[in-house]
Amino acid sequence: MQHDANCIFCRIVRGEIPSRKAYEDDDVLVFHDIQPVAPVHLLLIPKAHVATLYDATPQHAGVLGKIMTLAGQLARENGAGDGFRLIVNTGRVGRQEVMHVHVHVVGGGEPFGPMIVRKGP
Ligand code: AMP
Ligand code: ZN
């Protein structure tokens, strides 16, 4: 499986860095975010290294589709049964910090504010 020795999420996949796992199968790992922004904050990642959504190809369609179909089940199982958001920060403008594709599942508290705060007058 494709991995990057310097990637923190690849290191989590390989068990070199500990994580609080919520789900695992052959090609997907789900763990709790270390700095949660909501009562439920999960990270769903492909086990294979894909740096950003810019790098995703049809070859990744299966695992990315699986992540989407797992999101609701995992949100519900972990205490976000009344709605949640999926966030995939990408690149500089998206303020992606970890360069291994990850889908945030956030929820479990009060309804969020607007999706993106409008700037300007
Ligand atoms: P992003 O800004 O979308 O790249 O989000 C990266 C996320 O990874 C942040 O929410 C971090 O809190 C989270 N994170 C970074 N290191 C770890 C770690 N070792 N275990 C769990 N979550 C992490
Ligand atoms: Zn990686």
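A backbone N or O atom of Val98 sits 2.9 Å from an oxygen atom of ligand 1, and I shall begin there. Before going on, I should say that this is a predicted model, in which local features need pLDDT of at least 70 and side-chain atom pairs count only at pLDDT 80 or more, while totals for chains, interfaces and linings use all residues. Residues are numbered from 1 along each chain as its sequence is written, chains are lettered from A and ligands numbered from 1 in the order in which they are written, and side-chain values use heavy atoms, with hydrogens and water left out.

Let me stay with ligand 1. A polar backbone atom of Glu97 is 2.7 Å from an oxygen atom of this ligand. From the side chain of Asn89, an N or O atom is 2.9 Å from a ligand 1 oxygen. There are 16 residues around ligand 1, and those that come nearest are Asp33, Glu97, Val98, His102 and His104; a residue is counted here if one of its heavy atoms lies within 4 Å of the molecule.

I turn now to the metal site. Which residues are the protein donors of the zinc ion, ligand 2? They are Cys7 and Cys10 through SG, and His49 and His100 through ND1, at 2.0 to 2.3 Å from the ion. Donors are N, O and S atoms within 2.8 Å of the metal (3.2 Å for Na, K and Ca), and since water is not among the atoms, sites may look incomplete. The arrangement is tetrahedral because the 4 donor atoms subtend angles of 104 to 116° around the zinc ion; the criterion for four donors is that all angles lie between 85 and 135 degrees. For reference, the ideal angle for four tetrahedral donors is 109.5 degrees.

Along the chain, the zinc donors have the spacing C-x2-C-x38-H-x50-H. Distant parts of the chain are linked in this way: Cys7 belongs to the segment before H1, whereas His100 belongs to the loop between strand S4 (84-87) and S5, 93 residues apart. Helices (H or I, at least four residues) and strands (E, at least two) are DSSP runs, numbered from the N terminus.

Are these donors buried or exposed? Cys7 counts as buried because its relative accessibility is 7%, and His100 is buried at 0%. His49, in the loop between S3 and H2, is also buried, at 16%. Buried means under 20% relative accessible area, exposed over 50%, and partly exposed in between, with a 1.4 Å probe and protein chains only.

The two histidine donors also meet each other, their side chains being joined by a polar contact of 3.4 Å. A polar contact is a pair of N or O atoms within 3.5 Å; within protein, one must be able to donate a hydrogen and the other to accept it, and residues adjacent in sequence count only if both atoms are side-chain atoms. The His100 side chain reaches the backbone oxygen of Pro46 at 2.8 Å. His100 and Val50 are 50 residues apart in sequence, yet their C-alpha atoms are 5.4 Å apart.

Next, His3, which lies in the segment before helix H1 (8-13). Leaving out residues up to four places away in sequence, His3 touches Cys10, Arg14 and His49, where contact means heavy atoms within 4.5 Å. Its side chain makes a polar contact of 3.4 Å with that of Arg14. With 37% relative accessibility, His3 is partly exposed.

In the loop between S4 and S5 we also find Arg95. Arg95 is not a glycine, but has a positive phi of about 60°. Most residues other than glycine have a negative phi. Arg95 is exposed, since its relative accessible area is 68%.

Finally, the interior. The largest nonpolar core has 14 residues, of which Val28, Val30, Leu42, Leu44, Leu74 and Val105 touch the most other members. At least two residues of this core come from each of strand S2 (28-32), strand S3 (40-46), helix H2 (61-77) and strand S5 (103-107). H2 gives the most, with 6 residues. Apart from this core lies another, of 9 residues, including Phe9, Cys10, Val13 and Phe31. By nonpolar core I mean a set of buried Ala, Val, Leu, Ile, Met, Phe, Trp, Tyr and Cys residues joined through side-chain atoms within 4.5 Å.

Methods:
Tetrahedral: all angles 85-135°; square planar, octahedral: opposite > 155°, others 65-115°.
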